[in-house]
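Please load the model in your viewer and keep the selection panel at hand. The tour below proceeds from one selection to the next, and says at each stop what is to be found there.

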Amino acid sequence: MTGVSHTDPVGTKFGKRIMEYLNAACAKWRAETNIDFSLYGTPMESTTYRFAKKLQDRFGIIPHVTDKSYITNSYHVHVTEPIDAFDKLTFEAQFQKLSPGGAISYVEVPNMQNNLQAVMALIQHIYDNIMYAELNTKSDYCQECGYSGEIEIVEDESHKLIWKCPNCGNTDQSKMNVARRTCGYIGTQFWNQGRTQEIKERVTHL
Ligand SMILES: [Zn+2]
């Protein structure tokens with residue numbers, strides 16, 4: 001709508017106006033109906049792929065708008081946008097205030113077992129700045145070779161996204177354990193292609 005990310009001051013202002021408009025609509029409906037309407041930052045699991053496909057059907061492929069197989073949840077900073085964990089949470093906090101029905105923010109982190117000080121600093125930052133936030137880490141396991149760490153997403157010959165053990169090359173999903181936060185919870189059931197692309201494109205924030 002503005003040509004810039006909502007982390008740009010112009011985009012931030014516009015994003016907040018949208019949120020305020022939606023909150024005003026909820027207030028109006030509450031007054032009219034005596035039903036407690038509220039704005040909710042939905043992380044709805046399958047919607048990210050379905051809405052992306054429907055938008056492509058209707059508007060075609062518009063670069064940086066409808067060119068992915070997923071859309072971004074609520075006010076979240078785009079998964080491919082470089083931003084550090086602390087800035088991301090401080091930024092998203094102002095939008096959580098406008099999501100009184102519920103909201104969640106995440107930061108993507110690598111294996112943090114050897115840097116617990118950073119984990120503690122981040123948790124303190126969450127406590128001081130934002131209502132609800134979580135750290136996404138990777139703790140996958142390959143049943144073929146015993147590798148423990150991050151199982152990778154790669155394209156096969158038909159450009160389908162598949163999961164592959166970086167240690168032994170295993171691509172059999174029934175012989176690996178992969179856990180990723182996909183919305184409000186951690187999923188281990190494997191995902192549709194849109195969600196898998198979104199997971200593949202996530203940058204780490206710490
Ligand atoms: Zn393996």
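**The zinc site**

Select the zinc ion to begin with: its ligands are the SG atoms of Cys142, Cys145, Cys165 and Cys168, at 2.3 to 2.4 Å, where donors are N, O and S atoms within 2.8 Å of the metal (3.2 Å for Na, K and Ca) and water is not among the atoms, so sites may look incomplete. This is a predicted model, in which local features need pLDDT of at least 70 and side-chain atom pairs count only at pLDDT 80 or more, while totals for chains, interfaces and linings use all residues. Residues are numbered from 1 along each chain as its sequence is written, and side-chain values use heavy atoms, with hydrogens and water left out.

The angles among the four donor atoms of the zinc ion run from 108 to 112°, and the site is tetrahedral, a label given to four donors if all angles lie between 85 and 135 degrees. For reference, the ideal angle for four tetrahedral donors is 109.5 degrees. Along the sequence, the donor residues follow the spacing C-x2-C-x19-C-x2-C. Cys145 and Cys168 link distant parts of the chain, being 23 residues apart: Cys145 sits in the loop between strand 3 (140-142) and strand 4 (148-149), and Cys168 in the loop between strand 6 (161-164) and strand 7 (176-177). Helices (H or I, at least four residues) and strands (E, at least two) are DSSP runs, numbered from the N terminus.

Now colour these cysteines by accessibility, with buried meaning under 20% relative accessible area, exposed over 50%, and partly exposed in between (1.4 Å probe, protein chains only). Cys145 is partly exposed at 32%, as is Cys168 at 39%, whereas Cys142 is buried at 0%. A search for disulfides, defined as pairs of cysteine sulfur atoms within 2.5 Å, returns zero in this structure.

**The sheet beside the zinc ligands**

Staying with Cys142, show Met176 in strand 7, which is its bridge partner. Strand 3 and strand 7 run antiparallel and are joined by two bridges, and two strands pair if DSSP finds at least two bridges between them. They belong to an open sheet of three strands, in the order 4-3-7, with antiparallel pairing. Strand 4 and strand 7 each have a single partner strand and stand at the edges, so one side of each is left without a neighbour in the sheet.

**Strands 1 and 2**

Select residues 105-108 next, which form strand 1: Ser105 and Val107 point one way, Tyr106 and Glu108 point the other way, and all are buried. Strand 1 pairs with strand 2 (residues 133-136) in the parallel sense over four bridges, and Tyr106 stands opposite Glu134 in strand 2. Between these strands the chain passes through helix 4 (residues 116-129), in a β-α-β crossover that is right-handed; that is, with the strands pointing away from the viewer, the path from the first strand over the helix to the second runs clockwise.

**Helix 5 and the segment after it**

Which residues of helix 5 are buried? They are Gly194, Arg195, Thr196, Gln197, Glu198 and Ile199. Six of the eight residues of helix 5 are thus buried, so it is largely enclosed by the rest of the structure, and the cover includes helix 2, strand 5 (152-155), strand 6 and strand 8 (180-181).

Continue to His205 in the segment after helix 5 (193-200), a residue that counts as buried at 7% relative accessibility. Leaving out residues up to four places away in sequence, His205 is in contact (heavy atoms within 4.5 Å) with Ile83, Asp84, Ala85, Lys88, Val107 and Glu108.

**Asp67**

Finally, centre on Asp67, in the loop between helix 2 (47-59) and helix 3 (85-96), where a relative accessible area of 33% makes Asp67 partly exposed. Apart from its neighbours within four places in sequence, Asp67 touches Gln56, Ile61 and Ile62. The C-alpha atoms of Asp67 and Ala52 are 8.5 Å from each other, with their positions 15 residues apart along the chain.

**The whole view**

Zoom out to see the protein, which has five helices and nine strands and whose C-alpha atoms fill a box of roughly 60 × 45 × 35 Å along the principal axes. Of its 206 residues, 40% are buried.

Terms used: Tetrahedral: all angles 85-135°; square planar, octahedral: opposite > 155°, others 65-115°.
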